[in-house]
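Here is a predicted model. The turns below ask why each label applies, and each answer sets a value against its cut-off.

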Amino acid sequence: MNLGCHISIAKGLSNAYATANTICADTFQFFTRNPRGSKAKKLSHKDIAESHELKKKHEIKPLVAHLPYTVNAASPTEKTWEFACKIIKEDLVRMDMLGVEYLVMHPGSYAKSSLTEGLLKIINALQKVFDEYQGKTILCLETMAGKGTEIGRNFQELASIINSLGKPAQLGVCLDSCHLFASGYDFRTSDGLNRLTDDIDNTIGFSKVYVSHLNDSKMPCGSNKDQHQKIGQGEIGIDGILNYITSPGIKKLPLILETPVDNWLEYRDEISLIRQALKR
Ligand SMILES: [Zn+2]
Ligand SMILES: [Zn+2]
């Protein structure tokens, strides 16, 4: 099982590889640019060569990136939507150069429009992106907790986007254990877990699921509230987390922790806790 966490690249990507190595992560995620969105750092030949070299050296499989939160492909505001199209395309190309396997994005929020309009906006945005993008990096739509007008609260919404686009090879899904739990899947029980895997099988299919964020939840099941907690310290608990990561479709996925820590070294303990629990 490949297990890692979200790591800051504020001090450069090479520094993030060193961090991953220190905390015994064999995969990690980073923001493609400032999470609030802004100009991206231009990649030099040196950055690109270094990333491929370090990825091989530290056996990082896979490398995952996350788009900034300001990207909203479902926005009814033209300027926001255009910005989303531009950043998705730019960052797919940039991440492809760095050797990133998966680029995660939040599907978006429809705000004052409607779910149908929001879905259409996302489909149009991704159509525009995939008309031009030919790289290897796979864009993954993330399952969301479902607060407000957020799209991606269930697998039907994600399936409708993927199917409308004709199931492009470079488009998939990223699960998030906290978001799934908040959206109503109680995988502390085998019934809840079966419902989750059945729903995936009957909508997007596990062949389209490439990665999962692994977080416990501060909020109860079905609350639609997105608040991550450290593994074993939230409502899901260590047994619920173990149910989730050992279930047939999910156990083959790379897992990325996005739990709240004061110091990144705490991820080393969390990774070791999960690996130990799996041996029980
Ligand atoms: Zn996310
Ligand atoms: Zn979250």
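Q: Which atoms coordinate the zinc ion (ligand 2), and how do you know that they count as donors?
A: The ligands are His 179 (NE2), Asp 226 (OD), Asp 226 (OD) and His 228 (NE2), at 2.0 to 2.6 Å. Donors are N, O and S atoms within 2.8 Å of the metal, so these atoms qualify. In sequence the donor residues follow the spacing H-x46-D-x1-H. The zinc ion (ligand 1) is 5.6 Å from the zinc ion (ligand 2).

Q: Why is the arrangement around the zinc ion (ligand 2) called irregular?
A: The four donor atoms subtend angles of 52 to 137°. A tetrahedral label needs all angles between 85 and 135 degrees. The range runs outside those limits, so tetrahedral is ruled out, and the arrangement is irregular.

Q: What makes Asp 226 partly exposed?
A: Its relative accessibility is 27%. Partly exposed lies between the 20% limit for buried and the 50% limit for exposed, so Asp 226 falls in that class.

Q: Is His 228 buried or exposed, and why?
A: His 228 has 18% relative accessibility. Buried means under 20%, so His 228 is buried.

Q: Why is the pair of Phe 28 and Phe 30 called tilted?
A: The whole structure holds eight aromatic pairs. In this one, the ring centres of Phe 28 and Phe 30 are 6.3 Å apart, with 50° between the planes. Pairing needs centres within 6.5 Å; stacked needs planes under 30 degrees apart and edge-to-face over 60, so this pair is tilted. Phe 28, at 0% relative accessibility, is buried. Phe 30, at 1%, is buried as well.

Q: What makes Phe 181 and Phe 187 a tilted pair?
A: Their centres are 6.0 Å apart and their planes meet at 55°. The distance is within 6.5 Å and the angle is neither under 30 nor over 60 degrees, so tilted is the label. Phe 181 is buried, at 0% relative accessible area. Phe 187 is buried too, at 0% relative accessibility.

Q: Which residues do ring pairs link into a cluster?
A: Tyr 17, Phe 28 and Phe 30.

Q: How do you know that Lys 121 lies over the face of Trp 81?
A: Lys 121 is 5.1 Å from the ring centre of Trp 81. The distance limit is 6 Å, so that part of the test is met. The second part asks for a position within 35 degrees of the ring normal.

Q: Which residues touch the most other members of the largest nonpolar core?
A: That core has 78 residues, and the list includes Phe 28, Ile 88, Leu 126 and Leu 175. Helix α3 (residues 78-98) gives the largest share of this core, eight residues. Another core, of nine residues, lies apart; among them are Val 64, Tyr 102, Cys 174 and Ile 256.

Q: What does Leu 175 touch?
A: Residues up to four places away in sequence are not counted. The contacts include Phe 155, Ile 200, Val 209, Tyr 244 and Leu 253.

Q: Where is the cis peptide bond, and what is omega there?
A: The bond joins Lys 61 and Pro 62, with omega about -10°. Pro 62 sits in the loop between α2 (45-57) and β3 (63-66).

Q: Why is Cys 24 called partly exposed?
A: Its relative accessible area is 46%. That value is between 20% and 50%, so partly exposed is the class. Cys 24 belongs to the loop between α1 (13-22) and β2 (27-31). Its phi is near 60°, a positive value in a residue other than glycine.

How values were computed. Residues are numbered from 1 along each chain as its sequence is written. Chains are lettered from A and ligands numbered from 1 in the order in which they are written. This is a predicted model: local features need pLDDT of at least 70, side-chain atom pairs count only at pLDDT 80 or more; totals for chains, interfaces and linings use all residues. Side-chain values use heavy atoms; hydrogens and water are left out. Donors are N, O and S atoms within 2.8 Å of the metal (3.2 Å for Na, K and Ca); water is not among the atoms, so sites may look incomplete. Four donors count as tetrahedral if all angles lie between 85 and 135 degrees; four count as square planar and six as octahedral if opposite donors are over 155 degrees apart and all others between 65 and 115; anything else is irregular. Buried means under 20% relative accessible area, exposed over 50%, partly exposed in between (1.4 Å probe, protein chains only). A nonpolar core is a set of buried Ala, Val, Leu, Ile, Met, Phe, Trp, Tyr and Cys residues joined through side-chain atoms within 4.5 Å. Helices (H or I, at least four residues) and strands (E, at least two) are DSSP runs, numbered from the N terminus. Contact means heavy atoms within 4.5 Å.
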